[in-house]
Every structure is written in structure tokens, then in C-alpha cells.
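Welcome! Here are some short exercises on salt bridges and cavities, each followed by a worked solution. Have a look at the structure, try each task, and then read on.

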Amino acid sequence: MICVSICRGSFERIVEILGQDWCECAELRLDRLDITDGQIREIFEGTDKPLVATCRLDERPDATHRLTVAAKAGAAFIDLEVDAPVAASKYIQRVCRDNGVELIRSFHDFEGTPDAALLEQVVERCFRYGGDIAKVVTTAAGGEDLQRLYSLYTEARRGRIIAFAMGEAGRESRLECLRRGAPFSYASVDAESAGAAGQQPADIMYKEVYKDVPGYFRTGLRMPSSKSFVQRAVIAAALAEGESRLRGYTPCGDSESAIKAARALGAEVTRNGDELTIKGISPINDKLTLTQIDAGESGLLARLLIPILAAIGPGEFGIGGRGTLLSRPLPLSTDIMASFGVLLSRENIPLKVKGRLIPGFAEISGKGGSQLISGLLMASPLCSERAAIVVDEPASIPYMYMTLDVLKRFGVHYCSEMEGDVRILGREDWDGCEAISFRLKSGSYRAADVTLETDWSAAANFLVAGAVFGHVEIEGLDSSSLQADLSILDILVEAGANVSEDEERKIISVGKGPLRGFSFDLSNAPDLFPVTAVLAAFCEGTTTLFGTDRLHAKESDRLRSIMEMMERFGVAASYEGDVLTIEGHTLASRALSGNLLKGGLFPAHSDHRVAMAIKVASLGASSPVDIDSPDCVEKSFPGFFEAFG
């Protein structure tokens, strides 16, 4: 990234600079800017770009105060000299820790460049004294000085060191530091305001760094309705007594399959614009005589229908499908359904189902995923007796709670309890959950008016594009949703992207940040793996993603698809056990070193998540990228390529 150092100018001029596309990040020299505390707060609270607050302690007596104001107002970084007085240093470290601000400990030599041993000592001091990033700026007389600086860029410090030189001899180092993985380098607002010799104007430096790499800037985006939410709501409405209205519907392959299934059950479904009206079939006085139903290409729909039809169907029926569903196994489904007195002919679609669902107590494994369990949760209220289900080692937990949320909207009473080391952090933090017990009352579904949630899975692709290539704003996303793929916000924050939310207007904004490798467990959000892998390719350093054992039974063997995608793009990736490891480099580093992703023809293996991720990655490719099966996105987002642009 390019950090624009703003040393002078009015409040209005600072705001104008921050609004420029070439201003990815900015340093505010609070020791030189004549702005008030209120204006500092307004600037740091009002921008969605990462800002560095710098105020040299020997320049102003109120330096620690001004840095504190900036930290509390949302500064991304505080820059504090490594030789700052101990008391002030400890105070600023505490302020940064309390406000979630990264601390840059900086060293400047305006006379020359120390020897290699002293430079190493300086870097170690920066980290020892609380620095998240070590910044070393010297004055270079020639190439030997620069080589000593460059030697500070070690593998262990990737993404955590900024080392460059002032002076005309050091001009090249301001780009070279980005090539070597520095989180950012410094530029001036214009030629007249350069803070040191060798510093370039930001707009010129921006063009020199990114050359032909297109920026990605989008506002006013709206996502389609979540097919995971839609399918649950459509089937619930089909089972309900009375007429339900589902607002905000956008069609896709899986959602349309759910509507066909609802009609096959006997529900009346009409569509007017983005509103579905569904007249349900409850109360069910006679068992359904339906002997065959089609799930289309939806694994979720198939798994919902198996227990539901076992509860209200004829006692023997078949479930069919098409496309990738025919090659996707339904792991552990025979064992789970046998616990309820139901026999499955096989663990693949098409299959035959025999027996009626027997309610009561059952303890089942959650290792096979959440979808069949969601079907059991939806089927249990249709039985004549209360049901109790204990799920051991649950996976994709948020999807189970999405199902409960839909049940609640349609008048179903339940209670649930998680076991293990589970923390509640505003929304569910599922880590440490060892088992979940569910208890559901028998009774009818009641008709409901429901506004369908928009899709975080689709949004993830645009948000990652904004984090790597520019800036994106998406309207209408619910940050209190139980959708598992809301985790993309946590992932982006972990990676260092700039994430903000306008709660009143329901706008999520994501822009460039100094991206570096991170670790994240995607066991509960496996659909995020492809696009998170793309994000990791543009993060400096090593990224580790846990939960790959959830990827084998998707529309493709998604782990193999991701590995092939990474290999074709030229990104180093490996996996062992359930861990995927990716070695990444920032977009600036790739652009400067001629290491952009490779283009070519990419197989998506008819997997919509993989196809979308390939499209996002193509923004950082050195030559055109084509996808062999682009139509596969119709499964969840038919207009994806048009919306992405």
C-alpha cells in the first residue's frame, strides 16, 4: 500500500486528500497539522481508509494527548519513535492495546545508515518495546547502504517491517520496500509537500506501483437473497397452516428447486415481483401419498426432505436430483436416519427412503455436517410426540441455528443448549462447542410474513475484491444474521483489511488495508474456503485455514478444486490433515516484482463457489482468465458476473 504523508493543509484539504483513489492509506502528522481535537476525531471517525497517527513527542508538548484522541477515534496505527521516553512509551502502548490500534515503533537516522549489526539491534528494540511493526528509515549515500536496509526483510518479519532510505540515493527503496513485502511505503501529497528528499507524489507512485492492475471500486451493491435461508423458509411455509409471504426473493437454481418441492408437497406458490405467497398444507389430516420428489441440484434440499417426508409421507418414497448432486455423498446419513427408524437405500442421490420417523430421544454425530440435522429439526414438530436430539461433535453450527431461527418465525417452539467451552460475544462464538442438545415440541407450523435475508456467501466475493483491489460498499446486509458466512468480516479484519459498518443505513464497507497472513478456522463456514484462499494469495506471509475435511462432499471435491486453482494461478499452497496453508504476497509486491497471478483457462468443476473465487482472483492476473463452466453460478447467483463487472 501507499501511505500518503499529510504534513500540512486545512481540515477541508485533508478530507479532500482522503477522498482520492490514489490515497489508499494516510499518515497524519499531528505534530505539524494545525487542527483541533474535534477535527482530529472527525477525520479519524469519518474515513474508511486506514490512517496512521504520528506526533513526535519532541515536537509538541501535547503529543501524547493528540495521539490518544486519534487512537480513540479509530486510528489504524500509531507511530511512536523507539527512543521515546519510557513513561510516554508505556502509556501509548496501553492506549493502543485498549483501542485495538497497531503500534509502529520507528527509528530515523538523518545522517546516514548504521552498520548491519546496529540495524538489527534497532529492529529488535522496535519489537521488544511493543511494536507490531518496525519502521527503520535512514539516509542512504549509495547501494551498500540500501543493501544493509534490505537485509532486514527476513522471512520471519514478512509484513511486519518497513525499511527504506531518505535522499536521492534512497528513492528506489521506497518502491523496493513494497516489493519485499512491507505493509506500506510513504509518499507525499504532491511534489511541493515532500517531507524528505526522494519522496514521490502519491498519484505518481500509485501508477508506478500498480501499472496496469485495475482498481475495483463499487458502491450501491445489493446481494441476492440467501439460498440457505430461502430454502428453509419456503419449505417451512409449505408445511404451515395458512398463507405466508416471503419478501425479498431473488431466484436461483437451488431456491427454484425448493419452490418446485413445495408445490410437489401440495403447497400453492405464487410470485409477484420479489414476493412469494405460499399457501401451506397444514394441518395434515392424512399422510401424503407422494412417492417421489426431486431436489434439483441442492444438497441442502435433499437433506431437508428426507426426514420431513419420513415424518409425513407414505412410509416409502424416493428422492431424485440432477447435476453435481448425483456425485455428492450424504455422509453418515444412513446411520443418522436409522436412529429414527428410517432406512436409506444408499448415501447418494437418487435414493429410496423406507419407514416413518420415530420421535423421541436420539444421540447422533454431527461430523457429517448440519444439513440433515436441519432436516430433522424441521421434521420433529410434525411428529406426534416431543423430540430430543443430541448432536455430538457438531459442524457448521450456524446453519443449525439458522434453521431454528426459521422455525421460530413459523411458530415452532424449541430449546437448545451447547456443551463445552462456548463463549458468547455479541453473536455466537462456536469454538469449543462439543455437543448441542435440541428439544422440540410437536405441533403445527403457523404462517408467517418473513423478509428474506440477503446472502453473505455472495457478498464475500465482492468484499474480498474490495479488500485487495480497492473499495466496496454493499447495502442491505444484516450483521446480526446467523448465516455462517458472516464470518467473512472476521476473516477480513484478521487479514488487515479496512472494514466498517453503517448500522443505520445497513451498509458494509471494505477497503484496502496492509494485508498479511492470518489463521482462521472455517469448519463452520466451508463455503468461504475458495474466496478466502484468494484473499490469502494477496496477504504477505503464511495463511493457515483449518477445516478442509468439510470440503470433499461439496459441488466438487472443493479442496482439490482450490489446490488446482492455486496451482494454475501460481500461488504456493499445500495441505496436511485438515489444514490448508497458502503463501501470499501483497498486490503491491506482486505488481512490482512481476509476480501477478497467471491467467489462462480455469476449470471450476461446476462448483459455483470456485467459479466466483476465480473471478475475484482474475483482477490480479497478468493475462486474461477464462472459466470453463461459468453457468454453474446460476445455482446460487445467476447474475453474479454482471453484478461483479
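**Exercise 1.** Find the distance at which the side chains of Arg56 and Asp79 meet, and say which parts of the chain they tie together.

*Solution.* Keep in mind that this is a predicted model.
- Step 1: Arg56 and Asp79 form a salt bridge through their side chains, at 3.3 Å from N to O. A salt bridge here needs a nitrogen within 4 Å of a carboxyl oxygen, so the pair qualifies.
- Step 2: Arg56 sits in the loop between β3 (51-54) and α3 (63-73), while Asp79 belongs to strand β4 (residues 77-81), so the contact ties together parts that are 23 residues apart in sequence.
- Step 3: Both Arg56 and Asp79 are buried.

**Exercise 2.** Decide whether Glu124 is buried or partly exposed, and do the same for its partner Arg157.

*Solution.*
- Step 1: Glu124 and Arg157 form a salt bridge, with their closest N and O atoms 3.0 Å apart.
- Step 2: This pair links distant parts of the chain, 33 residues apart: Glu124 is in helix α5 (residues 116-128), and Arg157 is in the loop between α6 (143-150) and β7 (161-166).
- Step 3: Buried means under 20% relative accessible area, and exposed means over 50%. Glu124 has 38% relative accessibility, so it counts as partly exposed. Arg157 has a relative accessible area of 8%, so it is buried.

**Exercise 3.** Work out which end of the salt bridge between Arg180 and Glu176 is buried.

*Solution.*
- Step 1: The two side chains meet at 2.8 Å, N to O.
- Step 2: Arg180 has a relative accessible area of 34%, so it is partly exposed.
- Step 3: Glu176 has a relative accessible area of 13%, so Glu176 is the buried end.
- Step 4: Elsewhere, Glu243, Arg245, Arg247, Glu275 and Asp449 join into one network through salt bridges that share partners. A search of the whole structure finds 33 salt bridges.

**Exercise 4.** Describe the lining of the largest cavity, then that of the second largest.

*Solution.*
- Step 1: There are five cavities of 30 Å³ or more. The largest has a volume of about 110 Å³, and the second largest about 70 Å³.
- Step 2: The largest cavity is lined by 15 residues, with Met1, Gly513, Leu515, Thr586 and Leu587 nearest its centre. Its lining divides into 11 nonpolar, two polar and two charged residues.
- Step 3: The second largest cavity is lined by residues including Ser226, Tyr399 and Arg609. Its lining divides into three nonpolar, five polar and four charged residues.

Terms used: Residues are numbered from 1 along each chain as its sequence is written. This is a predicted model: local features need pLDDT of at least 70, side-chain atom pairs count only at pLDDT 80 or more; totals for chains, interfaces and linings use all residues. Side-chain values use heavy atoms; hydrogens and water are left out. On a 1 Å grid over the protein atoms alone, a cavity is a set of points where a 1.4 Å probe fits but cannot get out, and a pocket is an open set with protein on both sides within 12 Å along at least five of seven lines; lining residues have an atom within 4 Å of a point. Grid points are joined across faces, edges and corners, and a volume is the space filled by probe spheres set on the points. Ala, Val, Leu, Ile, Met, Phe, Trp, Tyr, Cys and Pro count as nonpolar, Asp, Glu, Lys and Arg as charged, and the others, Gly among them, as polar. Helices (H or I, at least four residues) and strands (E, at least two) are DSSP runs, numbered from the N terminus. Buried means under 20% relative accessible area, exposed over 50%, partly exposed in between (1.4 Å probe, protein chains only).
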